[in-house]
Structure formats: structure tokens, C-alpha cells
Amino acid sequence: MYKENIVRNKEDIKKLFKKENQTDFDFSQSPDFIRRKNEDGDGARLFEGDDLSRWARIQRGMMHMAKVKSIYSKEYVEKGMSMYDSFFKEKGVLRGDVLDIGGGWGLFRQWWEAGSSNVYIVHDPGIERFLRGAHKMHQSYYQRAFSLPMTFVEGFGETLPYRDDVFDTCIIAAALDHCISAEKVLCEACRCLQSAGGTILILQKCYVAGCTAQPSIWRRLSKHLSNPKRLLAKIHHQLFYTGSHLHHFSPDDVVMLLERAGFTDVRASELRATNDVYAIEAKK
């Protein structure tokens, strides 16, 4: 049974942050929105120039895609929700304090069971998408998600400002391939998860084992042939923007990265009736 009487407190949210990082953030709009004080964020300090520049180009393309209504047709949104709904009905819902890295609008609140004092943190550098808000199509299908509170924190997953051992669950859904350093993200997630029972769930489109090369343009576009509007939007994106992924993982790649980050009991399984979407779960 879901509990929806969730109470968040500005000071309780702030206590999740390491003391040395609290001065880096503006908590004036907490608990809903916590923004970095430094407009340049963490990028220049964290990454080499070429890596950051490539990420920024891809990020601009993703923000453009998020504006295109034809990308999010009824069939597309309905299919995605149905896929995840089936998965969580079989697996069980997200519980407790959740850290959603790269979670954007926080759609996975749809499958979150929390106590009265639990928090759902979305940690994401894509502040523009958060401020613009979700499309009506998503709001319609994910009504429960948008009825529940979340805290959006601006930042990269490669450096998390939270204390050690504070979250029950970390979820990274369709975001690991957009990170500059997937290994750093997973190491940080491991640090922030509770030592006793902390779990990570990665929902990720993966490719043939051992093949992490960029899939062909035809392969990426052909799956949209049944939806002409979405196909045209994708072609436009390919012509005017760089590709939308920094990495392409196989399930074995993700398992290896999790084990290197310190996770144990790693399990990977393909979601039913999908095209190579995998759930990879592990324990701290």
C-alpha cells in the first residue's frame, strides 16, 4: 500500500549534504529545488576540456529533443510506462530514501513507496528540463509520480554532495550512457548508499555483449518507422545535433563497472517485451 502523506523539511534535506558541500548550494528554494551557487557547476573542475565540451554539445541536443512534442507520442509514453509498470509489479517498488541520478522529472516516483519522512532526490545537471516541466503526455500517464514531492538538486553524478550511507536506494534510468564517467558515478552512488541493505538499480538500453560501438544511424532510426512524426523528429536531430549518447554499454559492461565500484550480488536481466532494455541490480 502506497503512503502519500510525505513530509519534507528544508533542514532535514540540508542534513543529507556533507557539511563541506553545503556552502556550494543555494537552499533558498529547498526542499523543492536546490541549485549550485557557482554557475559553472562542477564541470570545469571535474573533467578535461574535450570531455566536458562533448558532453555539453550532447546535452544541448537532449534539451532540444525534450522540447519536441512529437518525440513523446501517446504510443511512445504508454509503451515506456507499461514496460516499467510490469517490471516493478514483479520486482517490487522503490522504497525509503531514494537517489535518482539523472532523473529529470522524477518519473520513477510512480513506483516509489515511502514513509512519512522519506525523500526522493533527483540529482541532475539538466536544470533547463526541470524548470520547463514535463510534457502534458507524461503528466497524464504519470499522475501518481507528479502527485508526490521530490527535491531536484543541480549537479553531476560524478561528484555527489551527500554524506556517506544515507540513501536506501539509488536508481539510474537511461542515464548512465549520458555520464562523462560512468565509473565515477557508480563509485559515488556506492558511497552514498547505506551499508546495510543499500541497493542500486540501473535501467539501461544495452547492446550485444562485447559491442560498445556506436550503432548505425539506420538501426537507430528504423525502430521509429511506425511513427512518422517521431521518425522525422529523430532525423532532424541527427542532422542538426550531435548523437545523444556518450557511451554504449553491453550488460556485461555495466556488471563489470558495478563490481569495480564496490557493489556485490550483481544481477542483470532483460525486461520483458523490450528491445535490449536491461535491469541491473546490485547491493552495496
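Which residues does Ile-172 touch, not counting those up to four places away in sequence? Keep that one in mind while we walk through this predicted model, and we'll come back to it once the surroundings are clear.

Let's start with the overall picture. The protein has 284 residues, and 53% of them count as buried. You'll find 12 helices and 11 strands in it. On the outside, about 14000 Å² is exposed, with carbon and sulfur atoms supplying 50% of that. Now take the contacts between residues at least 6 apart in sequence: 74% of these join residues at least 24 apart.

Next, look for the sheet. It's an open one made of nine strands, and if you step across it you meet E1, E2, E7, E6, E4, E8, E9, E11 and E10, in that order, with mixed pairing. At the edges sit strand E1 (25-26) and strand E10 (264-270), each pairing on one side only. Helix H5 (residues 74-91) packs on this sheet, where it touches strands E8 (169-173), E9 (199-205) and E11 (277-283). Compare directions and you'll see that H5 makes about 150° with E9. For a bit of pairing to zoom in on, try strands E2 (residues 33-36) and E7 (residues 151-154): they run parallel and are joined by two bridges. Here Ile-34 of the protein stands opposite Val-153 in E7.

Now for the inside. The largest nonpolar core has 41 residues, and the ones touching the most other members are Tyr-162, Ile-172, Ile-200 and Leu-258. Several elements give two or more residues to this core: strand E4 (98-101), E8, helix H9 (182-192), E9, helix H12 (251-260) and E11. H9 gives the most, with six residues.

So back to Ile-172. Leaving out residues up to four places away in sequence, Ile-172 touches Ile-101, Val-185, Leu-186, Ile-200, Leu-201, Ile-202 and Leu-203. There's also a second, separate core of 33 residues, which includes Phe-108, Ile-127, Leu-201 and Leu-271.

Finally, follow the chain to H12. Its buried residues are Pro-251, Asp-253, Val-254, Val-255, Leu-257 and Leu-258. What covers them? The cover includes H9, E9, E10 and E11. After H12 comes Gly-262, whose phi is positive, near 110°.

Conventions: Residues are numbered from 1 along each chain as its sequence is written. This is a predicted model: local features need pLDDT of at least 70, side-chain atom pairs count only at pLDDT 80 or more; totals for chains, interfaces and linings use all residues. Side-chain values use heavy atoms; hydrogens and water are left out. Two strands pair if DSSP finds at least two bridges between them. Helices (H or I, at least four residues) and strands (E, at least two) are DSSP runs, numbered from the N terminus. Contact means heavy atoms within 4.5 Å. Axes are lines fitted to C-alpha atoms, for helices over the stretch in contact, and angles run from 0 to 180 degrees between N-to-C directions. Buried means under 20% relative accessible area, exposed over 50%, partly exposed in between (1.4 Å probe, protein chains only). Accessible areas come from the Shrake-Rupley method with a 1.4 Å probe; for residues, only the protein chains shown count as cover. A nonpolar core is a set of buried Ala, Val, Leu, Ile, Met, Phe, Trp, Tyr and Cys residues joined through side-chain atoms within 4.5 Å.
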